[in-house]
Amino acid sequence: MWLVRELLFHRKQHYLNVVANAMAVFLVLIVSVLSDSLTRGINEEIGSLGLDVTMLQVYGEVNDYWFEDFCREFDIKKATLYYSFQHEEFSVVSCNEKLYELFEPELLKGRFLNETDISNNDNVAVVGFDAYEKNDRKDTVEINGVEFRVIGVLNRSENNLFVDYDSSIFIPIGYDLSTGVRNHSYYYAEGHYAEAYLENIFGENGYMLINQSSLLKTTGQMSELVRKVLLFIASVSLAVSMTGMINSMLAGIKERSYEIGIKKVMGASAFDVYCEFALESFAVFSLGLLIGVMLVILTCWLISSAGIIDIHVDYTENARLIFRLSLVGFVCGLYPAWRAGRITIMDAIRKV
């Protein structure tokens, strides 16, 4: 109770310190929360683009059996062959059921090609949303004189770097209906690099390898760098706030020399005065910290309610950050408290 009385008695001296500390803490925490949320959102969005998949495009005709050996050599669990060519307004894709396992496109209705369709080389097709609309939502689609029955329609999607789902028609891989050059592409998961192996088969300029997981790593590093820069800038405001609080407490100690002298006359030791001012300083900072945390919670709620971004809070990391901020606030109050403890009765008398 005595600490509360002291804070209330000198409340005018502490008002600005509490406000400054609250704003500084708010800036540090909101930067941490928002940067984490933005980084997570960017990674999730980029991750939905197939960034855990490597694309290998081969120039010229090759024996398809090499890819099976390649998958065994590097223990690749998910992989698929992919042939495509342009037909009128659509991109025709000859593929197998593993394409769906690798990219997992969202179906609007029906199903994707399965193993039976591939092995029997059935006249079935799965069409993208735009291709379905341009084909007047017919149950069949004709490609170079061959009619295919539509067994599935993909939902509208813009979340893939490799495959344009919306304007594509997917047919069993056994069909080769291209009238010109078709593109040979291979996709496999887990991001294996095999430059020497591929150069030995196709030559130095016979293929193109794109591993998007490296892009995800680079993006993550850039996001972390931006986060650290923003945290540093916010920490500068915290340092300014702490400097102001220390300066304010040192000025307050001079004004309260007479009060300190009375306490020492009544039997208070230098350590008692030291503890009182240290606790008072920590209480002022803790109050600012509490207000700052409440402002962060309110701001995050408002942002989430408005649908601006999806807030993801790393409670463990932010709890550590709050602990470190509390430690900083406590340490900053030690020097003014030490100065207060050194004031003697004679110093207090001189101030009268």
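# A walk around the chain

Start with the whole chain in surface view: about 19400 Å² is exposed, and carbon and sulfur atoms supply 58% of that. Keep in mind that this is a predicted model. Switch to cartoon and you should find 13 helices and 10 strands. Of the 352 residues in the chain, 44% are buried. If you like contact maps, look off the diagonal: among contacts with a separation of 6 or more, 79% link residues 24 or more positions apart.

**Stop 1: the nonpolar patch**

Go back to the surface and select Val19, Met23, Leu287, Leu290, Ile291, Met294, Leu295, Leu298, Trp301 and Leu302. Together these residues make a nonpolar surface patch of about 950 Å². Which helices supply it with at least two residues each? Colour helix 2 (11-47) and helix 10 (270-306), and you have them. Helix 10 gives the most, with eight residues.

For a single residue to zoom in on, pick Leu290, which sits in helix 10. Is Leu290 buried or exposed? Neither quite fits: with a relative accessible area of 48%, Leu290 is partly exposed, because the exposed class begins over 50%.

**Stop 2: strand 3, covered on both sides**

Now leave the surface and select residues 90-95, which is strand 3. Six of its six residues are buried. In general, side chains in a regular strand alternate between the two faces of the sheet. Try colouring the two sets here: Phe90, Val92 and Ser94 are on one side, while Ser91, Val93 and Cys95 are on the other. Both faces are covered, and every residue in the two sets is buried.

What lies alongside? Show strand 2 (residues 79-87), which pairs with strand 3 in the antiparallel sense over six bridges. One bridge to click on joins Phe85 to Val92 of strand 3. The two strands form a hairpin with two residues between them. In that turn, check the backbone of Glu88, where phi is positive at about 55°.

Then add strand 8 (residues 168-172), which pairs with strand 3 in the parallel sense over five bridges. Here the pair to pick out is Ser91 with its bridge partner in strand 8, Ser168.

**Stop 3: Ser94 up close**

Stay in strand 3 and centre on Ser94. Its relative accessibility is 3%, so Ser94 counts as buried, the limit for that class being under 20%. What does the side chain of Ser94 reach? Draw a distance to the backbone oxygen of Tyr175 and you should get 3.0 Å.

To see the surroundings, show Leu81, Tyr82, Tyr83, Ile171, Pro172, Ile173 and Tyr175 as sticks. Ser94 touches each of these, leaving aside residues up to four places away in sequence.

**Stop 4: salt bridges**

A search of the whole structure turns up five salt bridges. Side chains of opposite charge can pair when their charged atoms come close. Three of the pairs are worth a look.

Begin with Asp69 and Arg72, whose side chains meet at 2.2 Å, N to O. Both residues lie in helix 3 (residues 65-73), three residues apart, about one turn of the helix. Asp69 is partly exposed at 38% relative accessible area, whereas Arg72 is exposed at 59%.

Next, select Asp117 and Arg111, which form a salt bridge at 2.7 Å, N to O. Which partner is buried? Asp117 is, with a relative accessible area of 4%. Arg111 is partly exposed, at 33%.

Finish with Asp130 and Arg156, where the closest N and O atoms of the salt bridge are 3.1 Å apart. Asp130 lies in helix 6 (residues 129-134), and Arg156 in the loop between strand 7 (146-154) and strand 8, so the pair ties together parts that are 26 residues apart in sequence. Both partners are partly exposed: Asp130 has 23% relative accessibility, and Arg156 has a relative accessible area of 46%. If strand 8 is still on screen from the second stop, use it to find that loop, which runs between strand 7 and strand 8.

Technical notes: Residues are numbered from 1 along each chain as its sequence is written. This is a predicted model: local features need pLDDT of at least 70, side-chain atom pairs count only at pLDDT 80 or more; totals for chains, interfaces and linings use all residues. Side-chain values use heavy atoms; hydrogens and water are left out. Helices (H or I, at least four residues) and strands (E, at least two) are DSSP runs, numbered from the N terminus. Buried means under 20% relative accessible area, exposed over 50%, partly exposed in between (1.4 Å probe, protein chains only). Contact means heavy atoms within 4.5 Å. Accessible areas come from the Shrake-Rupley method with a 1.4 Å probe; for residues, only the protein chains shown count as cover. Patches are made of residues with over 30% relative accessible area and no salt bridge: like charges are joined within 9 Å, nonpolar side chains (Val, Leu, Ile, Met, Phe, Trp, Tyr) within 5 Å. A salt bridge is a side-chain nitrogen of Lys or Arg within 4 Å of a carboxyl oxygen of Asp or Glu. A polar contact is a pair of N or O atoms within 3.5 Å; within protein, one must be able to donate a hydrogen and the other to accept it, and residues adjacent in sequence count only if both atoms are side-chain atoms. Two strands pair if DSSP finds at least two bridges between them.
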